[in-house]
Amino acid sequence: MSVPTVTLQSGDELPLVGVGTWDIDGDTVKDAVRAGLDAGYTHVDTAEGYHNEAEIGDALAEYERDDLWLTSKVLPKNLTYDSLIESCEASLEKLGTDYLDLYLVHWPNPAVSIRETMDAMAHLHEEGLVKNVGVSNFSAYQLSAAQHVSDVPIAVNQIEYHPWFQRDDLVEYCRETDVALEAAAPLARTEVFGDDVVQDLAEKYDKSPAQIVLKWAIEDDVAVLPKSSSPEHVRQNLELFDWELDGADHARLTERDRNHPVYDHPARDWDGDVYGIHQ
């Protein structure tokens, strides 16, 4: 199976569907990654903060590295110059690879200079450790600031995005500045499965609710990173390319926006292990 791609500013091709690995570890994440790669995925998304890079590295060792697209992310507590480089090197070691196809700032950290962060990202890019750099969970304002000081193009913004949380202004800014969009939690952590329109379309097309929601996103060239601990569901989440939503049905899903995030809320645990900002 050939998964469609979007072209990044570097010219690299980002597969539109990837194996999401948030909140799964141990043998579960190994089985999910293997199921995905055996089914035809080439794109695996992880993060320093997921605490599963070593297990994913074990699974990836069974496959040809050059055939894969591998993304990881640096925790916001590690966005100073030296800490970011150390984090990337640690991720590479755990994943058993010499380079990442994409490395993201997992969350913006207002206590660390974005210039310092992007300088470290540029260094990793220059050294060949990272082919593309990007950000995650950045607003248009934060992304604009990062672009202003970055010596390397910001290729991707990975954001919470699904039918209930469509973020039109942010999406428009990313498209205007040639930043590819990736949908974290593209299924709203299964919350949208109970949506009346999703249920109706799943019955109409004889597809799962997950397939309906993922198809809607990729038809708008948004890369999706569905996470599942079930190898069967991992495989199903890739069965998207031999059917289409008709225009009216796609529009019905677009009309479901209710500005409802499942994880990207304003409140933060600034003292915790993610940010480490102490008074």
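Select helix α7 (residues 196-205) together with helix α8 (residues 209-218): the two pack at an angle of about 100°, and their axes are 8 Å apart. Because angles of 65 to 115 degrees count as roughly perpendicular, under 35 as roughly parallel, over 145 as roughly antiparallel and the rest as oblique, α7 is roughly perpendicular to α8. The axes are lines fitted to C-alpha atoms, for helices over the stretch in contact, with angles from 0 to 180 degrees between N-to-C directions. Helices (H or I, at least four residues) and strands (E, at least two) are DSSP runs numbered from the N terminus.

The model is predicted: local features need pLDDT of at least 70 and side-chain atom pairs count only at pLDDT 80 or more, while totals for chains, interfaces and linings use all residues. Residues are numbered from 1 along each chain as its sequence is written, and side-chain values use heavy atoms, with hydrogens and water left out.

Next, display the side chains between these helices. Val198, Gln199, Leu201, Ala202 and Tyr205 of α7 are in contact (heavy atoms within 4.5 Å) with Pro209, Ile212 and Val213 of α8. By class, this contact has seven nonpolar residues, one polar and no charged. Here Ala, Val, Leu, Ile, Met, Phe, Trp, Tyr, Cys and Pro count as nonpolar, Asp, Glu, Lys and Arg as charged, and the others, Gly among them, as polar.

Keep α7 in view and select Asp200 and Arg252, which form a salt bridge with closest N and O atoms 2.9 Å apart. A salt bridge is a side-chain nitrogen of Lys or Arg within 4 Å of a carboxyl oxygen of Asp or Glu. The pair joins helix α7 to helix α10 (residues 247-254), across 52 residues. Asp200 is partly exposed at 35% relative accessibility, and Arg252 is partly exposed at 30%. Buried means under 20% relative accessible area, exposed over 50%, and partly exposed in between (1.4 Å probe, protein chains only). Add Lys204, Asp246 and Asp249 to the selection: with Asp200 and Arg252 they belong to one network of salt bridges that share partners.

Move now to helix α2 (residues 53-60) and helix α3 (residues 81-95), whose axes come within 7 Å and cross at roughly 45°. That angle makes α2 oblique to α3. Glu53, Ala54, Ile56, Gly57 and Leu60 in α2 meet Ser91, Lys94 and Leu95 in α3. The residues of this contact divide into four nonpolar, two polar and two charged.

From α2, select Asp58 and its salt-bridge partner Lys30, with closest N and O atoms 3.5 Å apart. Lys30 lies in helix α1 (residues 26-39), 28 residues from Asp58. Asp58 is partly exposed, at 43%, whereas Lys30 is buried, at 18%.

A further salt bridge joins Arg65 and Asp101, with closest N and O atoms 3.0 Å apart. Arg65 is in the loop between α2 and β5 (69-74) and Asp101 in the loop between α3 and β6 (102-105), so the pair ties together parts 36 residues apart in sequence. Arg65 and Asp101 are both buried. The count of salt bridges comes to 14.

Finally, select Val33, Leu60 and Tyr103, which touch the most other members of the largest nonpolar core, a set of 90 residues. Such a core consists of buried Ala, Val, Leu, Ile, Met, Phe, Trp, Tyr and Cys residues joined through side-chain atoms within 4.5 Å. Helix α8 gives the most to this core, with seven residues. Beyond its neighbours within four places in sequence, Tyr103 contacts residues including Val74, Leu84, Cys88, Met121, Leu124 and Val130.
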